[in-house]
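Work through the following exercises with the sequence and the model side by side. Each one sets a task and then solves it in steps.

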Protein chains: 2
Amino acid sequence: MLEDLAKRAKNASYQLSVATTAEKNNALEAIRRLLIEQEPDILAANQRDITEGRQQGLSDALIDRLLLTPDRLAGICQDIERLVAMSDPIGEEYQGRQLENGLFLKKRTVPLGVIGVIYEARPNVTIDIACLALKTGNAAILRGGKETIHSNKKLVAIIAEALQSVGMNPEAVQLIGDPDRAYIYQLLKLDKYVDMIIPRGGQTLQQVCVENSTIPVITGGIGICHLYVDESADFDKAIAVISNAKVQRPSVCNALDTLLIHQSIAATFLPRLVSELIQQGVTLKGCMQSTEIASKISLAGADDFDTEWLSLTLGIKIVSELQDAVEHIRLHSTAHSDGILTQCLNAAEQFVARVNSAAVYVNASTRFTDGSQFGLGAEVAVSTQKLHARGPMGLEALTTYKWIGQGDGLIRN
Amino acid sequence: MLEDLAKRAKNASYQLSVATTAEKNNALEAIRRLLIEQEPDILAANQRDITEGRQQGLSDALIDRLLLTPDRLAGICQDIERLVAMSDPIGEEYQGRQLENGLFLKKRTVPLGVIGVIYEARPNVTIDIACLALKTGNAAILRGGKETIHSNKKLVAIIAEALQSVGMNPEAVQLIGDPDRAYIYQLLKLDKYVDMIIPRGGQTLQQVCVENSTIPVITGGIGICHLYVDESADFDKAIAVISNAKVQRPSVCNALDTLLIHQSIAATFLPRLVSELIQQGVTLKGCMQSTEIASKISLAGADDFDTEWLSLTLGIKIVSELQDAVEHIRLHSTAHSDGILTQCLNAAEQFVARVNSAAVYVNASTRFTDGSQFGLGAEVAVSTQKLHARGPMGLEALTTYKWIGQGDGLIRN
């Protein structure tokens, strides 16, 4: 049954792959229009999810993530407008040239085909992913959380209706409507039809995908993020950046988790930093040496430097020098976002060269690692692996290329 | 034990990732020099492989693949010279700009880290892969076939000696010296240390890697390749291209496997083609309709259109129109190399747009799909999947990028 669904998505992807930019934008506009027209039905479907969620005792925070409101729907519609306005990455030709053997060779950007996305909670992701896929000529198979099943069914029905209304294959966006987790395992084996899997969720989901998928998986979205305060750092600026990285939105993957401090400034810098962060409600867990400098820091446990806090907690470690910071990051970072705070050009360059994370910062907050902050427009996910795409994945990450070779009866010698 | 080996490779990769182009080229030059100096020892080690291979009854063709000769060694040394002369893709910065939020953001090309390559037979691959990895600042873990174990041990010892002689970490190139296949399965789980797996071998090896690896795998090197003869094709040129694609080197992945012919020209084109190909020793297996036109064509069996022949056999199928050819290719091609022979611009464009293979040809032989033919210099593998790299993989395919963001105490609003 799931194979059949995937086959239909694959078939739809063939039509999509040759759709013009105007046709794809038409489809997006039609989705936006129907979202506005059918707002009452969408909110009613969402209300069923909310009611069932409350019955099942979901936390208020989670209920809030599930919730669609007229304002949030308007935001989704604005995102679609922005996406329509973005340039279409498909069909770009580059590196064209005639080779010594006579062949005219070029590369052309093409869609991947079918993208499988497994995600949780927020129903806006359903529209986001579907629209990003359509804009890049890809079909999509969506597997949302069971908490938003009513919302997702309604939203995908709207997408199908919109596609149909503009003469496109309504099967281009498929929803796995059965919340049974067994279907995730089945999906991961459908390499004949699905070209890429993006798990947007916690460590367990990522691990399930990596271990079971025969389809290439883009892992990401888990950030154990570091800032290293070099001995030459400007204290005021450093405190501002650290506070922003930790406090502005602690529940997300690009928030700061561990602060590394050069030993030569620890005694002067730490007290100032601690008093600022404590005021902002941050709990501090540090190495032995740091607790001896600032009594408000409690001693960190064995796993604390391997924890993505997602809350107002910060790990603190005093390091002997830059290379010590680099080595800590290599061991404990998820290679999402790590940065240095320094006034020294050489230290900045050493750090940037040696820390091989998706995003490396100099005197800037880790909170910038984000598709819209990076100017990519929308974001499919934040990759923390090295193949295909790193960091925030925009439209380009949903494309691949083909080589096109032309001759006039050309043979190889 | 294997984990320890991988850990050493990872450690070496850190040094390599910050090595200058001159340092990396020095290392390559040192390898070349030692290959020349130690030629007698290399040939002696290779002779042990040959002797054992004969004792185990390996075919002459396979023995020839294992064999190193002074000429072949000289060829390997020439390849290293060419690689030294190529530009280093690492450290390139691009898309640099200041964003609206104030962040200076750019991308920089960086090494992947550690590359695991599993391959068979030919010992020149050992040097090829190691040198490509070193040129791009990557460490490598090599698992060659047991038939070349003595040659590979000697070659990797030379690489270590060369690295040491120029002050680089000799552990950057690791050989899994135990032929036990269990180590392949172990390697595939070392995602903590290895960033990419390239299986260079048959369907079974590829499948083992895709099913068992928790590391991203680049599959490829298996080509069920098609040419479609459109009704407007120039017969003479078409026959020349088909003959080249099938006959020039039938044992490789980019050789032609199936020919599709537009029904309107089958009766005139097929007899001329068949007489030419029969003369060249090709065995023809075709659809019912084709056998009725040319009696030298025997009826194809059920699996014949899903077979990579790797020999002088060709499948032939008459199709009703271009879209019929496209659909046959979608079903049966491995997305390696497929082409159209036509004089019609519109047919060429339709075919190129609809066939989403790694390499798509117009009036040219499928035999061009090759790193050196494509002007990439060397080739690590030919990818037939869509993520990261497609088709012939040159130096660029061994790189990734990091985002570098710079501010002056910049925070996110």
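**Exercise 1.** Where in chain A is the place of A:Val166? Find its surroundings as well.

Solution. Before starting, note that this is a predicted model, in which local features need pLDDT of at least 70 and side-chain atom pairs count only at pLDDT 80 or more, while totals for chains, interfaces and linings use all residues. Residues are numbered from 1 along each chain as its sequence is written, chains are lettered from A in the order in which they are written, and side-chain values use heavy atoms, with hydrogens and water left out.

Step one: A:Val166 sits in the loop between α7 (149-165) and β5 (173-175) of chain A, where helices (H or I, at least four residues) and strands (E, at least two) are DSSP runs numbered from the N terminus. Step two: A:Val166 has 30% relative accessibility and therefore counts as partly exposed, since buried means under 20% relative accessible area, exposed over 50%, and partly exposed in between (1.4 Å probe, protein chains only). Step three: beyond its neighbours within four places in sequence, A:Val166 is in contact (heavy atoms within 4.5 Å) with A:Asn26, A:Ala27 and A:Ala30. Step four: the C-alpha atoms of A:Val166 and A:Trp309 are 46 Å apart, with the two positions 143 residues apart along the chain.

**Exercise 2.** Is A:Gln385 buried or exposed? Describe what its side chain reaches.

Solution. First, A:Gln385 belongs to the loop between β14 (381-383) and β15 (391-393) of chain A. With a relative accessible area of 11%, A:Gln385 is buried. Its side chain reaches the backbone oxygen of A:Leu387 at 2.8 Å. Not counting residues up to four places away in sequence, A:Gln385 touches A:Val217, A:Ile218, A:Thr219 and A:Arg390, and also B:Pro216 of the other chain.

**Exercise 3.** Which side chain of opposite charge is nearest to A:Asp257? Consider the cysteines too.

Solution. A:Asp257 lies in strand β8 (residues 256-262) of chain A. The nearest side chain of opposite charge is that of A:Lys246, 4.6 Å away, and A:Asp257, although buried, has no salt bridge; a salt bridge is a side-chain nitrogen of Lys or Arg within 4 Å of a carboxyl oxygen of Asp or Glu. Among the residues in contact with A:Asp257, leaving aside neighbours within four places in sequence, are A:Cys225, A:Trp309 and A:Leu314.

Turning to the cysteines, the structure holds zero disulfides over all chains, a disulfide being a pair of cysteine sulfur atoms within 2.5 Å. For A:Cys225, the nearest cysteine sulfur, that of A:Cys253, is 6.9 Å away. A:Cys225 is buried, at a relative accessible area of 0%, whereas A:Cys344 is partly exposed, at 30%.

**Exercise 4.** How many salt bridges are counted between chain B and chain A? Set the count beside the area.

Solution. The count is six salt bridges, and in one pairing across the chains the side chains of B:Asp370 and A:Arg412 meet in a salt bridge (3.8 Å, N to O). Strand β16 (residues 399-410) of chain B gives the largest share of the side of chain B that touches chain A, namely 11 residues. In contact terms, 73 residues of chain B meet 74 residues of chain A. The two chains bury about 6,200 Å² between them, 52% of it on carbon and sulfur atoms, where buried area is the accessible area (1.4 Å probe) that two parts lose on being put together, summed over both.

Notes
Lys, Arg positive; Asp, Glu negative; His and termini not counted. Polar contact = N/O pair within 3.5 Å; in protein donor to acceptor, adjacent residues only side chain to side chain.
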